[in-house]
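Subject: Structure handover

Hello,

Below is the structure I said I would pass on. My notes on what was found in it follow.

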Amino acid sequence: MKRLIIRGGRPLRGKVRVSGAKNAVLPIIAACLLPSSPCTLEDIPDLADVNTICLVLEHLGARVKRSGSTLVIHPPEKPATEAPYELVRRMRASFLVMGPLLARAGRAAISLPGGCAIGSRPIDLHLKGFHMLGARVEHGYGCIQAVTARGGLRGNRIYLDFPSVGATENIIMAAVLANGQTVIENAAEEPEVVDLANFLNAMGARIKGAGTKVIRITGVNELQGATHTVIPDRIEAGTFMVAASITGGDILVDNVIVDHVKPVMAKLQEMGIAVCEENGGVRVTGREEFHAVDVKTMPYPGFPTDMQAQMMALLAVARGTAIVTETVFENRFMHVNELRRMGARIKTVGRNAVVQGPVDLSGAPVNATDLRAGAALVLAGLRAEGETEISNVYHIERGYEHLVEKLRNLGVDIYSHGDGA
Ligand SMILES: CC(=O)N[C@H]1[C@@H](OP(=O)(O)OP(=O)(O)OC[C@H]2O[C@@H](n3ccc(=O)[nH]c3=O)[C@H](O)[C@@H]2O)O[C@H](CO)[C@@H](O)[C@@H]1O
Ligand SMILES: C=C(OP(=O)(O)O)C(=O)O
């Protein structure tokens, strides 16, 4: 099994370029089922999750060609309409093909994604949306089947009980070819939703209000392929910002939309770490000492749940007591036990974690239970005295492109077990 070995204690120095955003790319690739001509996508990261969604599209009849960081996707003339468990189980975001398939083919049968290490993650809001657009949705044999009435989907007003990112994206993709107007209220405002809407609009869709709580979609008859460059990954950017902070380093995180990382920037600044905009990026200059702050995860523009684990690694070495509250997922503290094995003093009570710092972290064999938990362990390993050995690296590879190379370029002593380095 592949492992990451880190010998900690070196401050990071230099410049790192952030890759295209995983969470923007996945719905955007699913949206390539919608037009009648090919799409070209730029700055596509080389990640396990991207490969999985491409396999799903190929299974549905699309042709996908990668050359470097460019993907060209030829949509199928008549898409297949079933996505099997074998592909959906690898990655929950595979469910994002349901909206496009309903819009384009009038039916879809997708395996239920199931829960994962961070929570049960139901899809009821996606299904409520499809139902409100006039689809008949049935559940049986581990699969969701949805069929539109004759004449296709009809626009409607849909209120989401929670601003779910995936449900907002899936409903937008279903609604772009529907008859009439759809209004999504209490929609997710995440930048990845905006990027998807921009791509769809470039294909000829009529979407207004993406990035706000109310999104209005006027259905059109047909979409044409378009070229689109995905936004930079704000979570990867945030992770590198914490990497500089936790090692007392000094790095320029390049290719960042500063607005997207404001929630993380603000927390680091509040802790006493120097963070400023510089040449289209963000410079982070760590301090020997910084103090604890409370963190509460919230939908955008609140503090992102996808940065909670990384922030907890940093808080473990900050002076004082911090309370971290996870409001988005019900079970996103799997990293706590592993961070404790490295010396962190953290207690959890329900959705709160109390972190008492500062401690001297020490290297240990630890297990990446999920993507961001794995990132938190990498960060702790950068700071820890001695060697940290992280197993189940495939979780980390779902979301961080060329992580080992990028960290090495910043001066980290890191290698992937078995890569001969
Ligand atoms: C591929 C991708 O973009 N993943 C991101 C996306 O996941 P994802 O789109 O799955 O996250 P959601 O915003 O849908 O989930 C947020 C909360 O809503 C709940 N919920 C969601 C849908 C539903 O039908 N019913 C329901 O109850 C979930 O269980 C969770 O507690 O947004 C999350 C929240 O920012 C991020 O952590 C993930 O990295
Ligand atoms: C939770 C994440 O991704 P996913 O929704 O694909 O599981 C993440 O990117 O942190």
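The largest nonpolar core in this predicted model has 75 residues, and Ile172 and Val176 are those with the most contacts inside it. Leaving out neighbours within four places in sequence, Val176 is in contact with Leu34, Ala103, Leu200, Ala205, Ile207, Ile217, Gly219, Val220 and Leu223. Another core, of 73 residues, lies apart from the one that holds Val176; Leu339, Val355, Val366 and Leu371 are among its residues.

Ligand 1

Which residues are closest to ligand 1? They are Asn23, Leu125, Ser164, Val165 and Gly166, out of 22 residues that surround the ligand. Three elements give two or more residues to this shell: α1 (22–31), α5 (124–132) and α6 (165–175). By residue type, the shell around ligand 1 has 11 nonpolar, six polar and five charged members.

The sheet with β2

Four strands make up an open sheet in the order β2-β15-β17-β16, and the pairing is mixed. β2 (13–17) and β16 are the edge strands, and each of them pairs on one side only. From one strand to the next, the twist averages 20°.

Within this sheet, β15 (residues 250–254) pairs with β17 in the antiparallel sense over four bridges. Val253 has Val282 in β17 as its bridge partner. On its other listed pairing, β17 (residues 281–285) runs antiparallel to β16 (residues 274–278), with five bridges between the two strands. There, Cys276 stands opposite Arg283 of β17. β16 and β17 form a hairpin with two residues between them, and Asn279 in the turn has a positive phi of about 45°.

Helix α8 (residues 234–247) lies across β2, β15, β16 and β17, and it runs at about 175° to β15.

The sheet with β18

A further open sheet of four strands has the order β18-β19-β21-β20, again with mixed pairing. Why is one side of β18 and of β20 left without a neighbour in the sheet? β18 (295–296) and β20 (345–349) stand at the edges and each has a single partner strand, so one side of each stays free of a neighbour there. The pairing of β18 with β19 (residues 320–325) is parallel and covers two bridges. Lys296 has Thr325 in β19 as its bridge partner.

Helix α10 (residues 308–316) lies across β18, β19, β20 and β21 (352–357), and its angle to β21 is about 30°.

Cis peptide bonds

One cis peptide bond joins Tyr300 and Pro301, with omega at about 10°. Pro301 is placed in the loop between β18 and α10. The bond from Gly357 to Pro358 is also cis, and its omega is near 0°. Pro358 lies in the loop between β21 and β22 (365–367).

Positive phi and the loops around α13

Asn392 is a residue other than glycine with a positive phi, near 60°. Its place is the loop between β23 (387–391) and α13 (394–397). Is Asn392 buried or partly exposed? Asn392 counts as partly exposed because 19 other C-beta atoms lie within 10 Å, and a buried residue would need 20 or more.

His402, also not a glycine, has a positive phi of about 50°. This residue lies in the loop between α13 and α14 (403–409). His402 is partly exposed too, with 16 other C-beta atoms within 10 Å.

Gly399 is found in the loop between α13 and α14 as well. With 26 other C-beta atoms within 10 Å, Gly399 is buried. Not counting residues up to four places away in sequence, Gly399 touches Lys22, Leu47, Asp49 and Leu371. Leu371 is one of the residues of the 73-residue core described above, and Lys22 falls in the range of α1 (22–31), an element of the shell around ligand 1. The C-alpha atoms of Gly399 and Ile172 are separated by 24 Å, and the two residues are 227 residues apart along the chain.

Regards

Technical notes: Residues are numbered from 1 along each chain as its sequence is written. Chains are lettered from A and ligands numbered from 1 in the order in which they are written. This is a predicted model: local features need pLDDT of at least 70, side-chain atom pairs count only at pLDDT 80 or more; totals for chains, interfaces and linings use all residues. Two strands pair if DSSP finds at least two bridges between them. Two residues are in contact if their C-beta atoms, placed from the backbone, lie within 7 Å. Axes are lines fitted to C-alpha atoms, for helices over the stretch in contact, and angles run from 0 to 180 degrees between N-to-C directions. A nonpolar core is a set of buried Ala, Val, Leu, Ile, Met, Phe, Trp, Tyr and Cys residues joined through C-beta atoms within 7 Å. A residue is buried if 20 or more other C-beta atoms lie within 10 Å of its own, exposed if 12 or fewer, and partly exposed in between; C-beta atoms are placed from the backbone. A residue is near a molecule or strand if its C-beta atom, placed from the backbone, lies within 6 Å of it. Ala, Val, Leu, Ile, Met, Phe, Trp, Tyr, Cys and Pro count as nonpolar, Asp, Glu, Lys and Arg as charged, and the others, Gly among them, as polar.
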